Amino acid sequence: MKGTCLCEGIIFEFQEMPDLVFNCHCSRCRVSHGADYATQIFALRSSLRFVAGEQLLSEYESTGGIRCFCSNCGARLMNYAKDGGDYLSVAASCVEGSENLTVTANCFLSMKVERSTLDEATPGYDELPESL
Ligand SMILES: [Zn+2]
Ligand SMILES: [Zn+2]
């Protein structure tokens, strides 16, 4: 799949894991993404390739990992674990065609805001389960 930020200065490609698309309701994602939850696509970290603008990528470390955004337009792009795990989560908001992916889990429901409604058919977890 292909992702790009708002100013289109950063363009990247990655191999998605289609069964692992989740809505993260944690408070860090809510503030960071400016939304009631963030839809994230799991990807193999080794598959990430920058087509343009890697030098524009900025990182911010918070609980739960490193959060990457465009230093020019501020668009949120991806998160990954500080310890260099094999996976990263890519913000669906910046990915072409992501509207066609099915959300397979709701995570960090322990922090969900009251007004967010959930699809009852989608599995929900209080935190981010190890099995994801
Ligand atoms: Zn940008
Ligand atoms: Zn989160």
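Here is a quick tour of a predicted protein model, from the whole chain down to one residue, L44.

**The whole chain**

Let's start with the fold. The protein chain is built from 1 helix and 10 strands. If you walk along the sequence, you meet them in the order β-β-β-α-β-β-β-β-β-β-β.

How big is the box that the C-alpha atoms fill? Along the principal axes, that box is roughly 40 × 30 × 25 Å. The radius of gyration tells a similar kind of story: a compact globule with 132 residues would come out near 14 Å, and the protein chain has 14 Å, so the two agree.

A few overall values for the protein chain are gathered here:

| Property | Value |
|---|---|
| Radius of gyration | 14 Å |
| Residues that count as buried | 30% of 132 residues |
| Share of contacts (separation of 6 or more) between residues 24 or more positions apart | 60% |

**Zooming in on L44**

Now pick out L44, which sits in strand β4, covering residues 38-44. Is L44 buried, exposed or partly exposed? It has 13 other C-beta atoms within 10 Å, so L44 is partly exposed; being buried would take 20 or more, and being exposed 12 or fewer.

Which residues does L44 touch, once you set aside its neighbours within four places in sequence? L44 is in contact with Q15, D86 and Y87. There is also a nice sequence-versus-space example here: L44 and E16 are 28 residues apart in sequence, yet their C-alpha atoms are 7.1 Å apart in space.

Conventions: Residues numbered from 1 in each chain as written. Chains lettered and ligands numbered in written order. Predicted model: local features only at pLDDT ≥ 70, side-chain atom pairs only at ≥ 80, totals over all residues. Helix = DSSP H or I, 4+ residues; strand = E, 2+ residues; numbered from the N terminus. Rg over C-alpha atoms; globule rule 2.2 N^0.38 Å. Contact = placed C-beta atoms within 7 Å.
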